[in-house]
Amino acid sequence: MAKILVIYHSQQFGNTRILAEALAEGAREDGAEVVLINTNEHRVTLQEFIDADAVALGTPDYFSYVAGTIKTFFDDIYQWDQAGEPVKGKPAALFYSHGTGGKVREVLEQFANRFFEQVGEMVGSGRPIGDDARKRCTALGRELARKIK
Ligand SMILES: Cc1cc2nc3c(=O)[nH]c(=O)nc-3n(C[C@H](O)[C@H](O)[C@H](O)COP(=O)(O)O)c2cc1C
């Protein structure tokens, strides 16, 4: 069964977690096995990353940037790649939550473009997370799962 790793940071209100769970629901509906990792609780290991056929990556906007643990994730991937590990080119879906800003969108896209093949449209949502953003995440999860079938 195709495996998707949903990697996200969520801490302040659980907003990014809501989006991550909606995306996971869509991916499962389309037959993928899904593992969720909140990088605020667990640092993604090389083996966990390599085992995934695709990833979904989500962050809150923290100071117009990705959350620190998501930056650490990109730092890790860069070094795994430098060490010759097969970490580049996975299909990836992107999502973020924000307050009154939302500039993280460009930052996340720039990092992701270095390592992944983006699937679908990135989903962003302000507070509170509404039904529309949830539905767009679920649809994005389905699209990601279909991509690796
Ligand atoms: C340290 C910190 C910095 C933040 N900086 C921004 C910001 O620059 N722009 C913005 O739109 N929201 C900012 N926010 C608001 C969060 O992006 C928003 O509340 C988000 O939904 C929190 O996600 P979470 O509940 O999953 O942690 C910040 C929140 C925190 C805790």
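**Exercise 1. Find where Phe-63 sits in the chain, and decide whether Phe-63 and its neighbour Ser-64 are buried or exposed.**

Solution. Phe-63 has its place in the loop between S3 and H3, in a model that is predicted. A residue with 12 or fewer other C-beta atoms within 10 Å is taken as exposed, and because Phe-63 has 10 such atoms, Phe-63 is exposed. Its backbone shows a positive phi of about 55°, although Phe-63 is not a glycine. Turning to Ser-64, we find this residue too in the loop between S3 and H3, and its phi, near 60°, is again a positive value in a residue other than glycine. With 13 other C-beta atoms within 10 Å, however, Ser-64 counts as partly exposed.

**Exercise 2. Work out how S3 is placed among the strands, and which way its residues point.**

Solution. Begin with burial: seven of the seven residues of S3 are buried, so this strand is largely enclosed by the rest of the structure. Next consider the directions of the residues, remembering that in a regular strand the side chains alternate between the two faces of the sheet. In S3, Ala-54, Ala-56, Gly-58 and Pro-60 point one way, while Val-55, Leu-57 and Thr-59 point the other way, and all of them are buried. Then look at the partners of the strand: S1 and S3 run parallel and are joined by five bridges, with Leu-5 standing opposite Val-55 of S3. S4 also pairs with S3 in the parallel sense, over six bridges, and there Leu-57 has Leu-94 of S4 as its bridge partner. Finally, following S3 (residues 54-60) into helix H3 (residues 68-82) and on to S4, one traces a right-handed β-α-β unit.

**Exercise 3. Describe the pairing of S1 with S2, and then examine the helix that connects them.**

Solution. S1 and S2 pair over six bridges in the parallel sense, and the bridge partner of Leu-5 in S2 is Val-35. The chain passes from S1 through H1 to S2 in a β-α-β crossover that is right-handed. To check the regularity of H1, compare its expected and actual spans: its 15 residues, at 1.5 Å a residue, should span 21 Å, and the end C-alpha atoms lie 22 Å apart, which agrees. As for its surroundings, eleven of the 15 residues are buried, so H1 is largely enclosed by the rest of the structure; among the buried residues are Ile-18, Leu-19 and Leu-23. The elements that cover these buried residues include S1, S2, S3, S4, S6 and H5. Just after H1, Gly-31 takes a positive phi of about 95°.

**Exercise 4. Test the length of H5, and find which elements its buried residues pack against.**

Solution. H5 (residues 131-147) has 17 residues and should span 24 Å at 1.5 Å a residue; because its end C-alpha atoms are 24 Å apart, the two values agree. The buried residues of H5 include Ala-133, Arg-136, Leu-140 and Leu-144, and the elements against which the buried residues pack are S1, H1, S3, S4 and S6. In the loop between S6 and H5 lies Pro-128, and the peptide bond that leads from Arg-127 to Pro-128 is cis, with omega near -15°.

**Exercise 5. Compare the settings of Asn-40 and His-42.**

Solution. Asn-40 and His-42 are each found in the loop between S2 and H2. Asn-40 has 18 C-beta neighbours inside 10 Å and therefore counts as partly exposed, whereas His-42 has 12 and counts as exposed. Leaving aside neighbours within four places in sequence, Asn-40 is in contact with His-9, Ser-10, Gln-11 and Thr-69. Asn-40 and Thr-72 are 32 residues apart along the chain, and their C-alpha atoms are separated by 11 Å. His-42 and Val-66 are 24 residues apart along the chain, with 17 Å between their C-alpha atoms.

**Exercise 6. Characterise the shell of residues around the ligand.**

Solution. There are 20 residues around the ligand, and those that come nearest are Ser-10, Thr-16, Pro-60, Gly-99 and Gly-101. Sorted by character, the shell has four nonpolar, 13 polar and three charged residues. Its largest share, three residues, comes from H1.

Notes
Residues numbered from 1 in each chain as written. Predicted model: local features only at pLDDT ≥ 70, side-chain atom pairs only at ≥ 80, totals over all residues. Helix = DSSP H or I, 4+ residues; strand = E, 2+ residues; numbered from the N terminus. Buried ≥ 20, exposed ≤ 12 C-beta atoms within 10 Å, placed from the backbone. Near = placed C-beta within 6 Å. Nonpolar A, V, L, I, M, F, W, Y, C, P; charged D, E, K, R; others polar. Expected span 1.5 Å × (residues − 1). Contact = placed C-beta atoms within 7 Å. Pairing = 2+ DSSP bridges. Right-handed = clockwise from strand over helix to strand, strands pointing away.
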